[in-house]
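User: I'd like to go through this model with the reasoning spelled out. For each label, could you set the value against its definition?

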Amino acid sequence: MKDVYILGIESSCDETSVSIVKNGCDEINTVILSQIDIHTLYGGVVPEIASRNHVKDITFVIDKCLRDSGIEMDMIDAVAVTYGPGLIGSLLVGLEAAKTIAYVYDKPLIPVHHIAGHIYANNIGHELKFPLLSLVISGGHTELIKMDDHLSFLKIGGTLDDAVGECYDKVARVVGIGYPGGPLVDKLAHTGNVSYHLPIPMNDDSYNFSFSGLKSAVINLVHNEEQRGNVINKEDLCASFQDVVVKSLVGKTVKALKEYNINNLIVAGGVAANKGIRDAFEKESLINEFSFSFPDMKYCTDNATMIAACGYFLYKKGVRAGLDLNAKSSEKLF
Ligand code: KG4
Ligand code: ZN
């Protein structure tokens, strides 16, 4: 069977990334240009600055990815691009670049949903096994998704308010440890003890999550301690917060695996890089005998490798977009 090469483009937030992936599984080359140092100055992503930097960088990133890959444009079968959800100005830059390449080189254009891309980060290097349950945990999403086959997404639960990554970032800000919050909270959590009492959110029988109450509990705790003139132990607070997040995610996910009789669990999204969460699921997988896999660290946060990997399956399914494809700031996967 002929190999299929997909050129992927991702620019939904503050990473400009281009990748070439063979057969949805083998990464040929990926370039990621992160704007993290720029947005750190503002304590978070500034959409206008993000899109301006994508405009500045996109041509360089495409050129570098192709040049270093040794792959000629005529070997590329299709161009896959994130069309949403994400920051509208940022998405438009990658989308226009993808459309231009598709038009000039006469390649099919494949529209990729950003969250589907995160899930397919788990297909890089080792193929997905079905049926599976995917816990999507990112800056904008916290969802439990059942997949019986490629590209079949059934949501069985999700957050009713904040996403878990958003909560990590907010906690980091309140505790005063800077941006980006998630990795820093994760790091501190490993050096602290669980000593602050925080409630496990939505501790019920549903498969839904809620993180805004936990966020408020941390904010109130910090303010109360400050008013009493007490100094917060940042490591202990991060450890206590992470402990509650892990209990919430693990409790509901393991319950869903049992109820739906599924043996394969994957995690996806930026928060899947969290060591506390990975370790807890690995432990549970031994106790409850299910297979657990997660993407390599470099494929957890935004990258075009996952977009090209997902693009391959859409390409095989015959999904194509016209040159009128538009960016969507919010877009459902299901
Ligand atoms: O998937 P992603 O790169 O962007 C979205 O699609 O949202 O996820 C970014 C989120 C941020 O909230 C970031 O703080 C969080 O992932 N994150 C982490 C860790 N690494 C990144 N959260 C907790 N622990 C980590 N190690
Ligand atoms: Zn993402």
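User: What makes the contact between Lys99 and Glu96 a salt bridge?
Analyst: The N to O distance between the side chains of Lys99 and Glu96 is 3.6 Å. A salt bridge asks for a side-chain nitrogen of Lys or Arg within 4 Å of a carboxyl oxygen of Asp or Glu, so the label fits. Please keep in mind that this is a predicted model: local features need pLDDT of at least 70 and side-chain atom pairs 80 or more, while totals for chains, interfaces and linings use all residues. Residues are numbered from 1 along each chain as written, chains are lettered from A and ligands numbered from 1 in written order, and side-chain values use heavy atoms, leaving out hydrogens and water.

User: How are Lys99 and Glu96 placed in helix 3?
Analyst: They are three residues apart there, which means a separation of about one helical turn. An α-helix has 3.6 residues a turn, so residues three or four places apart point the same way. Helix 3 covers residues 88-104; helices (H or I, at least four residues) and strands (E, at least two) are DSSP runs numbered from the N terminus.

User: Are Lys99 and Glu96 buried or exposed?
Analyst: Lys99 has a relative accessible area of 11% and is therefore buried, whereas Glu96, at 40%, is partly exposed. The cut-offs are under 20% for buried, over 50% for exposed and in between for partly exposed (1.4 Å probe, protein chains only).

User: How do you know that Asp162 and Lys215 link distant parts of the chain?
Analyst: Their closest N and O atoms are 2.6 Å apart, and the contact is a salt bridge. The two residues are 53 apart in the chain: Asp162 sits in the loop between strand 8 (154-158) and helix 5 (164-175), and Lys215 in helix 7 (residues 212-227). Asp162 is buried at 11%, while Lys215 is partly exposed at 21%.

User: How many salt bridges does a search of the whole structure find?
Analyst: The search finds 15. Another of them joins Glu331 and Lys328, with 4.0 Å from N to O.

User: Why is the pair Phe292 and Phe294 called tilted?
Analyst: A search of the whole structure finds seven aromatic pairs. In this one, the ring centres of Phe292 and Phe294 are 5.3 Å apart and the planes make 55°. Rings of Phe, Tyr and Trp (its six-membered ring) pair if their centres lie within 6.5 Å; planes under 30 degrees apart are stacked, over 60 edge-to-face, and the rest tilted. The angle of 55° between Phe292 and Phe294 thus falls in the tilted class.

User: And what makes Tyr312 and Phe313 edge-to-face?
Analyst: Their planes stand at 85°, with the centres 4.9 Å apart, so the pair is edge-to-face. Tyr312, at 8%, is buried, and Phe313 is buried at 13%. Ring pairs also link these two with Tyr120 in a cluster.

User: How do you know where helix 2 bends?
Analyst: The bend at a residue is the angle between axes fitted to the seven residues ending there and the seven starting there. For helix 2 that gives about 45° at Asp57.

User: What length should helix 2 span, and what does the model give?
Analyst: Its 23 residues (47-69) should span 33 Å at 1.5 Å a residue, and the end C-alpha atoms are 31 Å apart, which agrees. The expected span is 1.5 Å times one less than the number of residues.

User: What is unusual about the peptide bond from Gly84 to Pro85, and about the phi of Asn261?
Analyst: Most residues other than glycine have a negative phi, and most peptide bonds are trans. The bond from Gly84 to Pro85 is cis, with omega near -10°, and Pro85 lies in the loop between strand 4 (78-84) and helix 3. The bond from Phe130 to Pro131 is cis too, with omega near -5°. Asn261 has a positive phi near 55° and is found in the loop between helix 8 (234-259) and strand 9 (264-268). Asn261 counts as exposed, at 67% relative accessibility. Asn23 likewise has a positive phi, about 55°, but is partly exposed at 22%.
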